[in-house]
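Open the model in your viewer and keep the sequence panel in reach. This tour goes stop by stop, with something to select at each one.

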Amino acid sequence: MQYFIIALVVIIIDQLTKWWVVSSMKLGESITVIEGFFNLTSHRNTGAAWGILAGQMFFFYIITSIVIVIVIYYIRKFAKESALMGWALAIILGGAIGNFIDRLFRKEVVDFFDFIIFNYDFPIFNIADSALVVGVGLVIIATILDEKKKGRSKA
Ligand SMILES: CCC[C@@H]1OC(=O)[C@@H](C)C[C@H](C)CCCCC(=O)CCC[C@@H](CC)/C=C/C=C(\COC)CC[C@@H](O)[C@@H](O)C[C@H](O)CNC1=O
């Protein structure tokens, strides 16, 4: 159950930051945080990463609903065995719902983290995207650790 609270915290932080960007920055406005490396830029994306499938909201509703159902199923199934897996899935759940809320009510996703890495202006993203990427990374780590643990117990 506490994993759903973690997802809720991610959603609240995500929605609060997006609300701040929408209410206090003009579209396209950019605030330099670290010169040449990190800006806060008010951006909108009607697609997924890199703007793929722009405008295909119905597709995103379907995909995100499937992601949410699968993650909830795995939280119920695996979170008892592995707290790390529970946290990872909860963070993914929060990220998926965070962007889902934007797609439902705004018909676009609010992005603002603008990093320029080695002169490449990485696509502008948000807390929900970060949660999704970090969550997927943690699922991979939890799975590897779990396989190692199983391997040791068999040996
Ligand atoms: C992170 C998943 C994207 C997120 O998926 C979601 O919502 C999920 C729940 C629903 C999608 C419809 C389905 C998954 C699509 C998978 C995908 O796209 C491949 C991703 C690979 C990954 C390997 C590293 C890149 C990551 C890139 C970015 C994030 O870097 C932190 C740049 C984000 C910016 O383009 C920003 O404008 C995006 C905008 O905010 C909308 N966000 C989404 O669609």
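Where does aspartate 114 lie? Select it: aspartate 114 is in strand E3. Keep in mind throughout that this is a predicted model.

**Stop 1: aspartate 114**

Is aspartate 114 buried or exposed? Its relative accessibility is 5%, so it counts as buried, because the cut-off for buried is under 20%. Now add valine 33 to the selection. The two residues are 81 positions apart in sequence. Draw a C-alpha to C-alpha distance between aspartate 114 and valine 33, and the value is 9.7 Å.

**Stop 2: the whole chain**

Zoom out and switch to cartoon. The protein chain has four helices and four strands. Follow them from the N terminus, and the order reads α-β-β-α-α-β-β-α. The C-alpha trace spans about 60 × 35 × 25 Å along its principal axes. Color by accessibility next. Of the 155 residues in the protein chain, 37% are buried.

**Stop 3: the ligand and its shell**

Select the ligand. It takes up the space of the largest pocket. How many residues surround the ligand? There are 21, and the closest are Asn45, Trp50, Arg103, Asp111 and Asp129.

Color that shell by class. It holds 13 nonpolar, five polar and three charged residues. Then color by element of secondary structure. Four elements each supply at least two residues of the shell:

- helix H2, residues 57-78
- helix H3, residues 83-105
- strand E3, residues 109-117, where aspartate 114 lies
- helix H4, residues 127-154

**Stop 4: polar pairs at the ligand**

Show the oxygen atoms of the ligand as spheres. Three distances are worth drawing.

| Residue | Protein atom | Distance to a ligand oxygen |
|---|---|---|
| tryptophan 50 | backbone N or O | 2.8 Å |
| asparagine 99 | polar side-chain atom | 3.1 Å |
| alanine 49 | polar backbone atom | 3.4 Å |

How much of the ligand does the protein bury? Taken alone, the ligand exposes 840 Å², and the protein buries 76% of that.

**Stop 5: isoleucine 91**

Go to helix H3 and select isoleucine 91, which has its place there. The relative accessibility of isoleucine 91 is 15%, so this residue counts as buried. Add alanine 7. What separates the C-alpha atoms of isoleucine 91 and alanine 7? The distance is 5.5 Å, with their positions 84 residues apart along the chain.

**Stop 6: the loop between E3 and E4**

Return to strand E3 and move on to the loop that leads to strand E4, residues 120-121; phenylalanine 118 is found in this loop. Asparagine 119 has its place in the loop between E3 and E4 too. Check the backbone torsions here. Phenylalanine 118 has a positive phi of about 50°, although it is not a glycine. Asparagine 119 also has a positive phi, near 65°, and is likewise a residue other than glycine.

Are phenylalanine 118 and asparagine 119 buried or exposed? Phenylalanine 118 has a relative accessibility of 81%, so it counts as exposed. Asparagine 119 has 79%, and therefore counts as exposed as well. The cut-off for exposed is over 50%.

**Stop 7: serine 23**

Select helix H1, residues 2-24, and pick serine 23 within it. At 45% relative accessibility, serine 23 counts as partly exposed. What does its side chain reach? One partner is the backbone oxygen of tryptophan 20, at 3.2 Å. Another is the backbone oxygen of tryptophan 19, which lies 2.8 Å from a polar atom of the serine 23 side chain. Draw both distances.

**Stop 8: alanine 54**

Finish in the loop between strand E2, residues 38-45, and helix H2, where alanine 54 lies. Alanine 54 has a relative accessible area of 45%, so it is partly exposed. Select isoleucine 97 as well. Alanine 54 and isoleucine 97 are 43 residues apart along the chain. Their C-alpha atoms are separated by 19 Å.

Note on methods. Residues are numbered from 1 along each chain as its sequence is written. This is a predicted model: local features need pLDDT of at least 70, side-chain atom pairs count only at pLDDT 80 or more; totals for chains, interfaces and linings use all residues. Side-chain values use heavy atoms; hydrogens and water are left out. A residue is near a molecule or strand if one of its heavy atoms lies within 4 Å of it. A polar contact is a pair of N or O atoms within 3.5 Å; within protein, one must be able to donate a hydrogen and the other to accept it, and residues adjacent in sequence count only if both atoms are side-chain atoms. Accessible areas come from the Shrake-Rupley method with a 1.4 Å probe; for residues, only the protein chains shown count as cover. On a 1 Å grid over the protein atoms alone, a cavity is a set of points where a 1.4 Å probe fits but cannot get out, and a pocket is an open set with protein on both sides within 12 Å along at least five of seven lines; lining residues have an atom within 4 Å of a point. A molecule sits in a cavity or pocket if more than half of its atoms lie within 2 Å of its grid points. Ala, Val, Leu, Ile, Met, Phe, Trp, Tyr, Cys and Pro count as nonpolar, Asp, Glu, Lys and Arg as charged, and the others, Gly among them, as polar. Buried means under 20% relative accessible area, exposed over 50%, partly exposed in between (1.4 Å probe, protein chains only).
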